[in-house]
Amino acid sequence: MKSMQTSGLRRAASSGPVQVIAVTGGKGGVGKTSVAVNLATTLASLGRRAMLLDGDLGLANVDVFLGLSPRYTMAHVLNGERTLEEIILEAPHGLQIVPGASGVADLANLSAVGHLGVVQAFSALSTRVDTLIVDTSAGISHSVMQFSQAAQHVLLVVCDEPASMTDAYALAKVLSRNHGVSKFHVLANMARSPGEGVALFDKLQRVTSRFLDITLEYIGEIPDDPYLRRSIREQRPVVVAFPACPAARAFKKLALKADKWPVPDCPRGNLEFFVERLVQRPAPRLEVVR
Ligand SMILES: Nc1ncnc2c1ncn2[C@@H]1O[C@H](COP(=O)(O)OP(=O)(O)OP(=O)(O)O)[C@@H](O)[C@H]1O
């Protein structure tokens with residue numbers, strides 16, 4: 001078993017570093033999937049080889065946002081019925097979609113064989129990927145922790161609702177104290193007026209700077225835009241369906257910024273190593289957030 005894994009990792013070393021961005025937020029409904037789909041689509045439109053992994057293992061819905069009907073998902077990869085390449089779907093601008101495995105246990109809680117299977121599935125991938133975007137689920141479940149910990153960049157989506165702010169705080173607290181994540185890019189979604197995002201960011205920053213040892217970086221706001229809701233009904237990314245609308249323009253700005261975030265310049269920046277970090281056995285929980 002060990003030699004199989006070693007050969008997988010050797011093949012992995014020949015592929016290049018990948019920028020991995022986990023889109024998260026704590027509270028459900030703040031727009032994580034909307035952000036993940038439109039950021040990934042915009043990066044693909046800029047010529048990046050972008051891949052979007054639906055990390056919501058409970059209620060995977062990236063495919064619904066894109067009008068795709070996957071026949072196979074990560075569940076088929078995990079039980080050995082399909083290779084990763086066979087389940088990948090293509091979305092606009094060549095964006096590659098890895099459909100989530102609804103109802104499947106956490107990737108992080110796989111058995112040793114399952115663990116090896118996932119690492120090998122990614123090792124065997126022959127397509128090159130520049131950026132991997134992971135759409136995580138709501139809450140502070142184990143999979144959210146693992147995806148965020150394994151990614152190089154955590155994009156924290158917030159909106160102007162008390163529960164969004166408290167949940168974002170709780171998520172940042174657990175990630176920083178128990179999982180070593182100390183830097184967060186903050187995106188304000190559904191901003192009803194220009195400048196609302198900065199105000200939200202300041203509010204979050206005031207609380208985190210008092211109690212947490214983390215760095216927050218404000219990266220902008222996506223306006224509350226009826227065209228975005230319409231694009232979801234039409235099952236198309238808003239950046240494709242209505243490229244001139246305010247939300248689409250804001251996603252373009254976001255993508256241009258994210259595209260400049262550093263990519264690890266070492267072999268451990270490769271996709272397989274991200275997956276390895278992802279499936280590592282969880283560290284014992286140190287603290288319960290109330
Ligand atoms: N910028 C926006 N403008 C207008 N409506 C928005 C915007 N972003 C999100 N929405 C609305 O909020 C709803 C929830 O968005 P989305 O599904 O992306 O959130 P989520 O955080 O992924 O939710 P969940 O945690 O349930 O997966 C969308 O169906 C859409 O109607």
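Two strands count as paired if DSSP finds at least two bridges between them. Keep that in hand for the exercises below, and remember that this is a predicted model.

**Exercise 1. Work out which strands stand at the edges of the sheet, and how S7 and S8 pair.**

Step one: get the strand order. The sheet is open, has 8 strands and mixed pairing, and runs S3-S4-S2-S5-S1-S6-S7-S8.

Step two: look for strands with a single partner. Those are S3 (89–90) and S8 (215–223), so each has one side without a neighbour in the sheet.

Step three: check S7 against S8. Strand S7 covers residues 183–191 and pairs with S8 in the parallel sense, over 7 bridges. That clears the cut-off of at least two bridges. If you want a spot to click on, Val186 has Tyr218 in S8 as its bridge partner.

Step four: add the helix. H7 (residues 142–150) packs on the sheet and touches S1 (19–24), S5 (131–135) and S6 (153–158). The direction of H7 makes about 145° with that of S1.

**Exercise 2. Describe the shell around the ligand: which residues come nearest, and which elements supply at least two residues each?**

Start with the head count: 19 residues sit around the ligand, and Gly28, Gly31, Thr33, Ser34 and Ala138 come nearest. Next, sort the shell by type, which gives 7 nonpolar, 7 polar and 5 charged residues. Finally, trace the shell back to secondary structure: helix H2 (32–45), strand S7 and helix H10 (226–233) each supply at least two residues.

**Exercise 3. His93 and Met190 both have a positive phi without being glycines; decide for each whether it is buried or partly exposed.**

Take His93. Its phi is about 65°, and it lies in the loop between S3 and S4 (96–98). His93 has 18 C-beta neighbours inside 10 Å, so it counts as partly exposed.

Now Met190. Its phi is about 55°, but this residue is found in strand S7. Met190 has 23 C-beta neighbours inside 10 Å; the cut-off for buried is 20 or more, so Met190 counts as buried.

**Exercise 4. What confidence does the predictor report, and where does pLDDT stay under 50?**

For the protein, pLDDT averages 84, and 82% of the residues score at least 70. For the complex, the predictor gives an ipTM of 0.98 and a pTM of 0.88. The stretch with pLDDT under 50 is residues 1–14, for which the model has 16 contacts beyond four places in sequence.

Terms used:
Residues numbered from 1 in each chain as written. Predicted model: local features only at pLDDT ≥ 70, side-chain atom pairs only at ≥ 80, totals over all residues. Helix = DSSP H or I, 4+ residues; strand = E, 2+ residues; numbered from the N terminus. Contact = placed C-beta atoms within 7 Å. Axes fitted to C-alpha atoms, helices over the stretch in contact; angles between N-to-C directions. Near = placed C-beta within 6 Å. Nonpolar A, V, L, I, M, F, W, Y, C, P; charged D, E, K, R; others polar. pLDDT = per-residue confidence, 0-100. Buried ≥ 20, exposed ≤ 12 C-beta atoms within 10 Å, placed from the backbone.
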